[in-house]
Amino acid sequence: MSFEDIKLEAIPVGRDLLLLMTGGVSHIGAASTAYKAGEGTEAMTSAVPGHKEHTLSEDYARRASAALGRTVTVVMGIHYDNLSKEEIKEIARQTSEMLDQYLLEQRENGANRP
């Protein structure tokens with residue numbers, strides 16, 4: 001199965017950032033917000049019952065917030081019917097790579113600080 005329709009959209013919200021990751025049948029499965037707290041990063045996650053995106057969204061929000069030095073919310077909603085464990089791993093790999101590429105582009109553009 002091809003997951004070419006998975007996309008990452010970055011939406012500035014003032015000095016904060018909303019990252020929207022969708023694919024397949026797009027929806028809101030989970031939302032995670034990460035923010036600077038003292039020397040570290042804290043995160044809060046809300047998941048819709050029966051959805052599994054929170055297993056990725058909180059990590060992605062923490063990674064983006066730490067890399068960019070700003071509050072980041074990641075909203076994820078990716079759904080394909082009857083996925084195998086290998087296909088789920090591929091979606092996780094692909095979305096993680098998309099986030100890494102976005103963060104690299106931001107760093108190269110000097111946009112890693114609000």
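**Two helices and a pocket**

Modeller: In this predicted model, the axes of helix H1 (residues 54–68) and helix H2 (residues 85–108) come within 11 Å and cross at roughly 15°.

Colleague: Why are H1 and H2 called roughly parallel to each other?

Modeller: Angles under 35 degrees count as roughly parallel. The crossing is at roughly 15°, so H1 and H2 are roughly parallel to each other. H1 also passes H2 in a right-handed crossing.

Colleague: Which residues in H1 meet H2?

Modeller: On the H1 side they are Leu-56, Tyr-60, Arg-63, Ala-64, Ala-67 and Leu-68. Their partners in H2 include Ala-92, Leu-99, Asp-100 and Leu-103. What makes each pair a contact is having heavy atoms within 4.5 Å. By class, this contact has nine nonpolar, three polar and two charged residues.

Colleague: How much space lies in the largest pocket, and what lines that pocket?

Modeller: There is about 420 Å³ of space in the largest pocket. Of its 17 lining residues, Lys-52, Glu-53, Ile-78, Leu-83 and Ile-88 are the closest to the centre. H1, strand S5 (72–79) and H2 each give two or more residues to the lining.

Colleague: How does that lining divide by class?

Modeller: Into eight nonpolar, six polar and three charged residues.

Terms used
Residues numbered from 1 in each chain as written. Predicted model: local features only at pLDDT ≥ 70, side-chain atom pairs only at ≥ 80, totals over all residues. Heavy atoms only, no water. Axes fitted to C-alpha atoms, helices over the stretch in contact; angles between N-to-C directions. Helix = DSSP H or I, 4+ residues; strand = E, 2+ residues; numbered from the N terminus. Parallel < 35°, antiparallel > 145°, perpendicular 65-115°, else oblique. Left-handed = near helix turned anticlockwise from the far one by under 90°. Nonpolar A, V, L, I, M, F, W, Y, C, P; charged D, E, K, R; others polar. 1 Å grid on protein atoms, 1.4 Å probe; cavity = no way out; pocket = protein on both sides within 12 Å on 5 of 7 lines; lining within 4 Å. Points joined across faces, edges and corners; volume = space filled by probe spheres on them.
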